[in-house]
Amino acid sequence: YPAPSELNVLMFAPQTRSLLSVFEEDAGTLTDYTNQLLQSMQRVFGAQSEMGLATEQLSQQLLEYEKKNFALGKGDEEVITTLQHFAKTVGELNSIHSELANQMADSMVFPLIQFREKDLTEISTLREIFGIASDEHEAAMVKYSRLPKKKENEKLKADLVKEVAYSRRKQHQASMQYYCALNALQYRKRVAMLEPMLGYTQAQVSFFKKGMELVSKKMESFLSSVSNMTQNIQAQLDTEAEAMRLSQRELLSVEDTVYMPDKDTEPVNRTLIQKAGYLNIRNKTGLVTTAWDRLYFFTQGGNLMCQPRGAVAGGMVLDLDNSSVMAVECEDRRYCFQITSPTGKTSMILQAESKKEYEEWICTVNNISRQIYLTDNPEAVAIRLNQTAIQAVTPITSFEKRGEGSPNPDRAKPGGVELAGGCSQKTGAAPEPEDLIAPGTPIQFDIMLPASEFQDQNRGGGRRTNPFGETDDDCSSESDDSLLQQVFAVRFLGSMAVRCGNNQEVIYEAMRQVLAARAIHNIFRTTESHLMVTSSCLRLIDPQTQVTRTSFQLGEVCQFAAHQENGRLMGFVVEGRDWCDGDEEGEPSFSAFVFESNTEGEKICYTISLAKDIVEAKKDPEALAQLMKSMPLTNDGKFLLLEPDVDDTANGAGQEDLESEA
């Protein structure tokens, strides 16, 4: 170290300051590295501590296997014993892991923390003290340098000299301590870097030694037996998997008809006294509404049981002893049958998914209801009852039921009064709604044009069939030469099958039911269409694409009328034929169509009536000439009836999905 006389020169020399900055930079770098190294070692220690906690939890979880009540616990005794042995071994390993964690804390983490808190913190503190002493010395020298050249104050000069000497001594002392600490740090850092890793390595060596003693002495035979056991289980699994693959290949090689419903190839077994499977059951959800639920049904003794989804066991639904079963026609569903209790107070309607299931369920319930399951030879008794079951399988149509037990027997007798169009009623009596429209008749609320029909029409040479079954071949061929062409803007409200053809009451009843159904189901949107009335047919045209949605031959329109109170409502009835085998003409069928027009419905009805008059007049040239004289004609020789009912805006976009005002 320099002598005090040389201290003033060397202490503030640039070389000293430069050398000091190198030592300080080295100490700063060492501090950053020590913090990073300590974080890594603490992470290793934390992982080892977590390893001890994890192995302890694993040991406890292995013991919990014995307490679990597995539904399929066959062969678990050997597994339980093995897991208990593993739990004991894991517990011993846990003690070794815990000991390793303690050794890491004492010999790896603690020395590095001590080095950081003691040595590095000391360097930082001495640096601050040295900085303060240097600042005080600089301040004292500034005061001493300001002493005046003349009029010197001896007392002030003596005080400043003492202050400079004190600050220099203090700075000298702080710098000596600071320099010594920086020099000693170069040796201490070597020890601080090596000592933690030495402790970590020694702890790991001790851990592995104890682990090897545990595994080699106590675990070799046990691990060998467990390995053999797992290999045997894997061999059994491979054998079972191969057998399952062969079974899957065999099952998947069958034809698709096996998976198709109602494609059963096996004959119906009519001697069953037990049956199980999924059926649809009809439940009432309101006063007149129903819903179908698919549930699992099975018979048990003389009871019909049902097990809902998610239920552990089934419950009794109906006592089948002395009950009756019969096939029924229910709504628009197939394969329905009804089971009724002996008292007649309880009944249910069920639906099977195929004809075979349908017949077997009826036969089974029929056999159980006769209590033949209590006899010594129930199959022989079931054979004798086979004919009764066959009769029960035959469906009873609504016409047969009406003929057998109708409240109005005149309908079923040939002598009943027959209205024109197939609507029979008593003479002089107003027709009942049931005489006009069958209860529960479905209603169609829109006329949808399939994409295939749209493409066929755009090709311009293909024929198509409209959604209602009528063809427009004749209509399209005669439309250009028709004497009458009148277009009305209408909105289709609905259509439904009716029983009468020449009674206006059926149109009024159809209007009532269509409007009521729209109100009940909140259906208020309608589709704008153009109804073209010609002397040969009625055509319903899409205003945007000018594609004919459907058409009706004028001769098939047997009745038309406007609403008596709401003049914008009109409808007509179209007659069709159900063709029998051999191309013989069958019974007539009728459909009512209800529309809402932008003009008075009477105008549309008048136009249809005039079109029918033209058709009749065509048969007599003189009558046709007289009719043409009585009506104004257009320039091309067609009848001029009314002003065009369809404006330009009706042909553009934005006319779809209008809301009915009816």
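## The β1 and β7 pairing

Let's start in the middle of a sheet: β1 and strand β7, which covers residues 347-351, run antiparallel and are joined by two bridges. Asn280 is the residue that sits opposite Gln351 of β7. One thing to keep in mind throughout is that this is a predicted model.

## The seven-stranded sheet

Zooming out, β1 and β7 belong to an open sheet of seven strands, ordered β4-β3-β2-β1-β7-β6-β5, with antiparallel pairing. Which strands sit at the edges? They are β4 (315-319) and β5 (324-330), and each of them pairs on one side only. If you ignore direction, neighbouring strands in this sheet are turned against each other by 40 degrees on average.

Two residues around here have backbone angles you may want to look at. Asn322, placed in the loop between β4 and β5, has a phi near 65 degrees, which is positive even though the residue is something other than glycine. Tyr335 is not a glycine either, yet its phi is positive too, at about 55 degrees; this one is found in strand β6, residues 333-340.

Buried or exposed: how do Asn322 and Tyr335 come out? Asn322 counts as exposed because its relative accessibility is 53%, above the 50% cut-off. Tyr335 has a relative accessible area of 16%, so it is buried; the cut-off for that is under 20%.

## Salt bridges around helix α5

The salt-bridge count for the model comes to 19. Lys275 and Glu360 make one of them, with their closest N and O atoms 2.7 Å apart. This pair ties together distant parts of the chain: Lys275 is in the loop between α4 (154-252) and β1 (276-284), while Glu360 is in helix α5 (residues 355-369), and their positions lie 85 residues apart in the numbering. Both partners, Lys275 and Glu360, are buried.

Glu360 has a second lysine partner in Lys356, where the closest N and O atoms are 3.0 Å apart. Here the link is local: Lys356 and Glu360 are both in helix α5, four residues apart, or about one turn of the helix. Lys356 counts as buried because its relative accessibility is 15%, and Glu360 is buried at a relative accessible area of 4%. Through shared partners, salt bridges connect Lys275, Lys356, Glu357 and Glu360 into one network.

Helix α5 is also where you'll find Thr364. Its relative accessible area is 0%, so Thr364 is buried. How far apart are Thr364 and Ile273 in sequence and in space? They are 91 residues apart in sequence, but the C-alpha to C-alpha distance is 5.3 Å.

## One more buried ion pair

Elsewhere in the chain, Asp542 and Arg549 bring their side chains together in a salt bridge, at 3.1 Å from N to O. Asp542 and Arg549 are both buried.

## Strand β8 and its two partners

Strand β8 takes in residues 485-498, and because eleven of its 14 residues are buried, the strand is largely enclosed by the rest of the structure. What does β8 pair with? On the one hand there is strand β9 (residues 525-534), in the antiparallel sense, over eight bridges. On the other there is strand β14 (residues 588-597), also running antiparallel to β8 and joined to it by eight bridges.

Arg491 is a handy residue for seeing both pairings. In β9, Arg491 stands opposite Glu528. In β14, the bridge partner of Arg491 is Glu596.

## Helices α2 and α3

Now for the helices. The axes of α2 (residues 14-64) and α3 (residues 76-145) come within 8 Å of each other and cross at roughly 160 degrees. Because of that angle, α2 is roughly antiparallel to α3. The crossing of α2 past α3 is left-handed.

What sort of residues make up the contact of α2 with α3? They divide into 29 nonpolar, 14 polar and five charged.

Conventions
Residues are numbered from 1 along each chain as its sequence is written. This is a predicted model: local features need pLDDT of at least 70, side-chain atom pairs count only at pLDDT 80 or more; totals for chains, interfaces and linings use all residues. Side-chain values use heavy atoms; hydrogens and water are left out. Axes are lines fitted to C-alpha atoms, for helices over the stretch in contact, and angles run from 0 to 180 degrees between N-to-C directions. Angles under 35 degrees count as roughly parallel, over 145 as roughly antiparallel, 65 to 115 as roughly perpendicular and the rest as oblique. A crossing is left-handed if the near helix is turned anticlockwise from the far one by less than a right angle, and right-handed if clockwise. Ala, Val, Leu, Ile, Met, Phe, Trp, Tyr, Cys and Pro count as nonpolar, Asp, Glu, Lys and Arg as charged, and the others, Gly among them, as polar. Buried means under 20% relative accessible area, exposed over 50%, partly exposed in between (1.4 Å probe, protein chains only). Two strands pair if DSSP finds at least two bridges between them. A salt bridge is a side-chain nitrogen of Lys or Arg within 4 Å of a carboxyl oxygen of Asp or Glu.
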